[in-house]
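Dear colleague,

I am passing on the structure we spoke about, and it is placed just below so that you can have it open while you read. My notes on what was found in it follow after that.

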Protein chains: 2
Amino acid sequence: MTERTTAADPAAPNTTKTLKVALLGAGNVGSQVARILLEDADALQARTGARLELSGIAVRNIDAPREVELPRELFTTDASALVRGADIVIELMGGLEPARTLILEAIEHGATVVSGNKALLAADGPSLYEKADAAGVQLSYEAAVAGAIPILRPIRDSLAGDKITRVLGIVNGTTNYILDQMDTTGAQFEDALADAQRLGYAEADPTADVEGHDAAAKAAILASLSFHTRFALENVHCQGISSVTAADIAAAKDAGFVIKLLAIAEKLTLVSDDGVESEAVSVRVHPTLLPREHPLAAVHGAFNAVFIEAENAGELMFYGRGAGGTPTASAVLGDVVSAARRMVLGGPGRTETTTGHVPAVGIEAVSTRYYIGVDAADQPGVLSKIAAVFTDHGVSIETMRQTVHQNGGASSAELRFVTHEASEAALAATVEAIKGLDVINSVTSVLRVEGV
Amino acid sequence: MTERTTAADPAAPNTTKTLKVALLGAGNVGSQVARILLEDADALQARTGARLELSGIAVRNIDAPREVELPRELFTTDASALVRGADIVIELMGGLEPARTLILEAIEHGATVVSGNKALLAADGPSLYEKADAAGVQLSYEAAVAGAIPILRPIRDSLAGDKITRVLGIVNGTTNYILDQMDTTGAQFEDALADAQRLGYAEADPTADVEGHDAAAKAAILASLSFHTRFALENVHCQGISSVTAADIAAAKDAGFVIKLLAIAEKLTLVSDDGVESEAVSVRVHPTLLPREHPLAAVHGAFNAVFIEAENAGELMFYGRGAGGTPTASAVLGDVVSAARRMVLGGPGRTETTTGHVPAVGIEAVSTRYYIGVDAADQPGVLSKIAAVFTDHGVSIETMRQTVHQNGGASSAELRFVTHEASEAALAATVEAIKGLDVINSVTSVLRVEGV
């Protein structure tokens, strides 16, 4: 951390550099970024030593209704012309095109690019970073992961002298709100989702959130930075929360766990058949049981948090608002101020990070503890039959709980197991074999356990 | 956040710059920094593009026992000679002298300085920063506040486009461990302190920790960065935890609060007698009641966390290990890598931050809610007498709880009040007046309440 005095002297305005800032997109976040650039111009000048002049806002429809009233003369539909005249381009359009083409145009013209477009960065980040490098311009994107929370810069700068071993992130506010509601009120998924939609925490089509796609894009970005390697969306194993039931949540609660949708990136040591060790990284998103005393378990509502384990630093957590126009605008402005400071100082625009070559591995290479719920006949010998299946597959049981339910005349037994660490393959084979037992009605849930 | 490829090419070692790193001090943190510099030299070269060569370790006594075995030839008692030959000087000696003189020597010779010396920075920071500026060298000190937690850099960079309004920090692990023990086990302060001493969380002379002096130094540093103004130790109102009793903790718990020692820096709007508004900052350390659902309430044991409120970002929290050799070394190395990257790139060594001129105000300017415990006679009319005193002084009661204790034949009433916001002056006058009532045995506690 560096702290300095004596920036641009406000008493000598003629010497103050002006940086033209082009804004692409005036949605939820974009309109707040525009507001802050206009309202806080003096404070931003004091922080950077430069006048940040909002030169224009490119939108598809100038007359669309917006949350913030902004000077009409700033709006344009010619994004390309705006980009060509800018020193700093802020891309907040979302989606792959025309965002990608406009970012490439900005890079070509030597403009610094600040983006919050997680979808584009997860899909195409590596090629964009390379083009920015080749052109010697900066590309920054703090707002793309966990909204207002400063997480990418600390990973890249503050932890640069350390080795990150694991990242566990609650990076999607919609799913955290839904799971938190289910945990607090006992609601079913559908009711909690409807509630989230009514409150504006979930979209009319909630697929990208509840199926984990949004979290997967953020997982790819977090993994790339944490392990100095490029991970793309196809490297991320992804499972959403739509199949998590109120019964799963209740059973987890009863056993001292909470269920969270986590974006996980972790370093693994693989051992080949001939005993050679190599490193690999697993990047995945799935509903996860966490002990209720884990710091991430206390992240409620639509808040986000990223929990990091590093060799020297130990455990760190970063907590804050993961979405919302104004909070996310704060992260965008942080990138803009950093870029402007560097431009004022006239130093080189590049900050190097050597890229490693740790391969991404599929979910089948991951060993975790598992939580398995089974609905079985209530008769003698059931537990021993199931236990034998676990033993046959080399999966060791850590805890078991049994509850007997009376359904009219019949009764059934609900068995809930937490295993010791087991591989995906061993677990899948175990679950298949349990399903084949004649005393089993169904396997009601299979969830991973982390943080213990 | 910026991400780049193509750093120093490891296949072309002849082009690799070597940076000489001088280490001052080989205690708890220093010896771990030396170990990491030696063990992880290749990884650090990959991150920075430079070879970081540990050129020597200055200590008072070369033969003193150390936690980590380090090459004997690196040690020297001539710190001054070591500093004069270095590109980067890491000062981890602690204390005011000779640390100050050596840092000034490093600045004079154009070396980048990384320090973890909170006492020196709180006492003398402003003059050190100015000298570093004048010489055009960097001075960074992430390790000085909250150990491994990246907090200073996010405040300075990531939140540079936002306006921080309040910082609440658990920045002393010893006191957090003691208060957490008291909260969990019901122990008295003395017993929890003895426990902390036995486990190595508290020193034989615990004064600096339990009286809040360590937290006050960190509060001054946090306030300076958050409000772009220089605050020194004498601007910090400081109250420790040695007078917090098991009864206070129990009463707070009963009312849904937890007691934490907080370092607080907050922006206030003062209104003069003729109605003119002006901004000021209060910097203070005191035991504080926090609602148990506040994110800081979940910070247990010797962990640290800093909770930040910013105009746009909203609420943020940074959590991690606040002490310990290896975790703190991680923060030191983060500063070293950042400094080395900048030196490799050859850009200017300065990163500007205009300094504002928000005055520091004393505790008397602060309005907070208060928790007041009173031991009174158990007789009719007591509550109305006390309530009248509050009313007379313009202090409004939010909640009151009364418990009657039987002591043999006699009985006494314990009354616990939480007030609405009141000024320090009004509260002090109220407490004095309550003490003067004939029905009062004693005022057992007066504590501030935050986070509601």
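Let me begin with one residue of chain B, bearing in mind throughout that this is a predicted model. His237(B) belongs to strand S8 of chain B, which covers residues 236-238, and it counts as buried because 20 other C-beta atoms lie within 10 Å of its own, where 20 or more is what the term requires. Once the neighbours within four places in sequence are set aside, the contacts of His237(B) are with Arg284(B), Gly362(B) and Ile363(B). Val283(B), for its part, stands 46 residues from His237(B) along the sequence, yet the two C-alpha atoms are 6.5 Å apart in space.

Turning to the sheet of chain B, six strands make up an open sheet with parallel pairing, in the order S3-S2-S1-S4-S5-S6. Its edges are strand S3 (75-76) and strand S6 (139-140) of chain B, each of which pairs on one side only. Within this sheet, strand S1 (residues 17-24) and strand S2 (residues 50-58) of chain B run parallel and are joined by eight bridges; Ala22(B), for instance, has Gly56(B) in S2(B) as its bridge partner. Helix H12 of chain B, residues 325-345, lies across S1, S2, strand S4 (88-91), strand S5 (112-115) and S6 of chain B, and its direction makes an angle of about 170 degrees with that of S5(B).

Another helix of chain B, H10 (residues 213-226), has 14 residues, which at 1.5 Å a residue should span 20 Å, and the C-alpha atoms at its ends are indeed 20 Å apart, so the expected and computed values agree. H10(B) is mostly covered, with 13 of its 14 residues buried, and just after this helix His228(B) adopts a positive phi of about 50 degrees.

In chain A, I looked at the domains, which are assigned as domain 1 (14-146 + 326-345), domain 2 (152-322) and domain 3 (366-449). The centres of domain 1 and domain 2 of chain A, taken over C-alpha atoms, are separated by 28 Å, and 13 residues of domain 1 of chain A are in contact with 17 residues of domain 2 of chain A. On the domain 1 side of this contact, helix H5 (residues 118-135) of chain A gives the most, with seven residues, and the residues of that side divide into ten nonpolar, one polar and two charged.

With best regards

Definitions and conventions. Residues are numbered from 1 along each chain as its sequence is written. Chains are lettered from A and ligands numbered from 1 in the order in which they are written. This is a predicted model: local features need pLDDT of at least 70, side-chain atom pairs count only at pLDDT 80 or more; totals for chains, interfaces and linings use all residues. Domain bounds come from an automatic or database domain assignment. Two residues are in contact if their C-beta atoms, placed from the backbone, lie within 7 Å. Helices (H or I, at least four residues) and strands (E, at least two) are DSSP runs, numbered from the N terminus. Ala, Val, Leu, Ile, Met, Phe, Trp, Tyr, Cys and Pro count as nonpolar, Asp, Glu, Lys and Arg as charged, and the others, Gly among them, as polar. A residue is buried if 20 or more other C-beta atoms lie within 10 Å of its own, exposed if 12 or fewer, and partly exposed in between; C-beta atoms are placed from the backbone. Two strands pair if DSSP finds at least two bridges between them. Axes are lines fitted to C-alpha atoms, for helices over the stretch in contact, and angles run from 0 to 180 degrees between N-to-C directions. The expected span of a helix is 1.5 Å times one less than its number of residues.
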